[in-house]
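Welcome to this short briefing on a protein structure. Take a look at the sequence and the model, and then let's walk through the main features together.

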Amino acid sequence: AMGITILAMGIIIRVNSDIIGIVADNSWFTVAYIMIAAGVFIFLIALIGFCGARNGNKCLLGIYLGVLVAIFIVEIAGAIYGAVNRVSIENAARTKMSDEVKSRYGTSGQDAITVAFNRLQTSFRCCGVNDYRDWKNSTWRQQIPNVQVAYGNPVPDSCCRNVSSNCGINPANHQNEATFNSSFYTAGCYMSVRNSITNNLGVAIGILGGFAGIQILGMVLAGVLITKAGEE
C-alpha cells in the first residue's frame with residue numbers, strides 16, 4: 001500500500017508540476033520521477049517480503065528488512081534536512097516566484113510560466129508574490145506602457161475576482177481603493193501558498209507518521225520471521 005501511495009504522489013506531483021515549478025526549480029521533475037520509481041520499487045520489495053514470509057525464506061526476508069531500514073534512514077535524513085534548511089528553502093521559493101513575476105511572466109517563450117502563474121493566482125485567489133504591487137515594475141507591465149490607471153497598478157486578468165478579458169487593466173476597476181479592492185485579489189501568492197501548506201501540515205504529519213508506523217511494524221515482523229526461520 002505504501003508503494004502504491006508513493007507512486008500516486010509522484011504522478012500527482014508530475015501532473016501539477018506547472019504550478020509547483022513556480023515555487024521550486026526543475027528538480028521537482030526529478031523528484032516526481034524518483035517518487036514514481038520508488039513507488040514501483042517499494043511495491044516490488046513488498047512482494048519479495050510477502051514471498052519470503054509465505055515460504056519462510058530467510059534470504060528474501062533479509063533483503064526486505066534491509067531495504068526497509070535503508071528507506072527509513074533516508075526518510076529521517078530528509079526530514080532533518082528539511083527542518084534544518086526550512087528558512088533557506090522558503091527564501092529560495094520566494095526569490096524564484098519574484099523572478100517569475102518580474103522578468104518572465106508574459107514574455108516571449110515563457111508561455112508555460114504565464115499559464116502556471118495565472119492558474120496559481122486563480123486557484124489561491126492571490127496577486128503577485130508579496131502583493132499586487134509586484135506587477136508594477138514587471139516586464140509584463142512594461143509591455144503595456146499606454147495603460148494608465150487612477151488607483152493601484154495594472155495587474156494580470158488572473159488577479160480579478162471575476163475574470164474577464166482585460167479586466168486587470170480596465171480603468172473602471174482602478175477608480176479608487178474601494179473599486180480596486182472589490183475587483184481584485186490583493187494578497188500575495190507566497191503567503192497564500194505558505195498558509196495553505198501550514199493549514200494542511202497536520203494531515204501531512206499524520207500521513208507520514210502512519211507510513212513510519214507501517215515501516216517500523218514491517219521491520220519488526222521481518223526480524224521476527226527471520227529469527228523464526230533461523231530456528232527451524
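Is cysteine 127 buried or exposed? Cysteine 127 has a relative accessible area of 0%, so it counts as buried, because buried means under 20%. Keep in mind as you read that this is a predicted model. The protein has 10 helices and zero strands, and the structure holds three disulfides.

**Overall build**

- Read from the N terminus, the elements run α-α-α-α-α-α-α-α-α-α.
- The protein has 232 residues, and buried residues make up 31% of them.
- Take the contacts with a separation of 6 or more: residues 24 or more positions apart account for 61% of these.
- The accessible surface of the protein comes to about 13,400 Å². Carbon and sulfur atoms account for 63% of that surface.

**The disulfide of cysteine 126 and cysteine 189**

- The sulfur atoms of cysteine 126 and cysteine 189 are 2.0 Å apart, and the two residues form a disulfide.
- Where do these two cysteines lie? Cysteine 126 is in the loop between helix H6 (111-124) and helix H7 (139-142), while cysteine 189 belongs to helix H9 (residues 189-199). The pair therefore ties together parts that are 63 residues apart in sequence.
- The torsion about the S-S bond of cysteine 126 and cysteine 189 is about 90°, which means that the disulfide is right-handed.
- Cysteine 126 and cysteine 189 are both buried.

**The disulfide of cysteine 127 and cysteine 159**

- Cysteine 127 and cysteine 159 form a disulfide too, with sulfur atoms 2.1 Å apart.
- Cysteine 127 sits in the loop between H6 and H7, and cysteine 159 in the loop between H7 and helix H8 (177-183), so this disulfide ties together parts that are 32 residues apart in sequence.
- This disulfide is right-handed because the torsion about the S-S bond of cysteine 127 and cysteine 159 is about 85°.
- You have already met cysteine 127 as a buried residue. Its partner, cysteine 159, has 0% relative accessibility and so counts as buried.

**The disulfide of cysteine 160 and cysteine 167**

- Cysteine 160 and cysteine 167 form a disulfide, and their sulfur atoms are 2.1 Å apart.
- What is the torsion about the S-S bond of cysteine 160 and cysteine 167? The torsion is about 115°, so the disulfide is right-handed.
- Cysteine 160 counts as buried because its relative accessibility is 3%. Cysteine 167 is buried as well, with a relative accessible area of 3%.

**Pairing pattern and another cysteine**

- If you count the bonded cysteines along the chain, the disulfides follow the pattern 1-6, 2-3, 4-5.
- Is cysteine 59 buried or exposed? Cysteine 59 has 55% relative accessibility, so it counts as exposed, since exposed means over 50%.

**A nonpolar surface patch**

- Phe43, Leu44 and Leu47 make a nonpolar surface patch of about 270 Å².
- Which helix holds phenylalanine 43? You can find phenylalanine 43 in helix H3 (residues 27-55).
- Phenylalanine 43 counts as partly exposed because its relative accessibility is 38%, and partly exposed covers values between the 20% and 50% cut-offs.

Methods:
Residues numbered from 1 in each chain as written. Predicted model: local features only at pLDDT ≥ 70, side-chain atom pairs only at ≥ 80, totals over all residues. Heavy atoms only, no water. Helix = DSSP H or I, 4+ residues; strand = E, 2+ residues; numbered from the N terminus. Buried < 20%, exposed > 50% of the residue type's maximum accessible area, 1.4 Å probe, protein only. Contact = heavy atoms within 4.5 Å. Areas by Shrake-Rupley, 256 points an atom, 1.4 Å probe, with all protein chains shown as cover. Disulfide = S-S within 2.5 Å. Patch = residues over 30% accessible without salt bridge, like charges linked within 9 Å, V, L, I, M, F, W, Y side chains within 5 Å. Salt bridge = Lys/Arg side-chain N within 4 Å of Asp/Glu carboxyl O.
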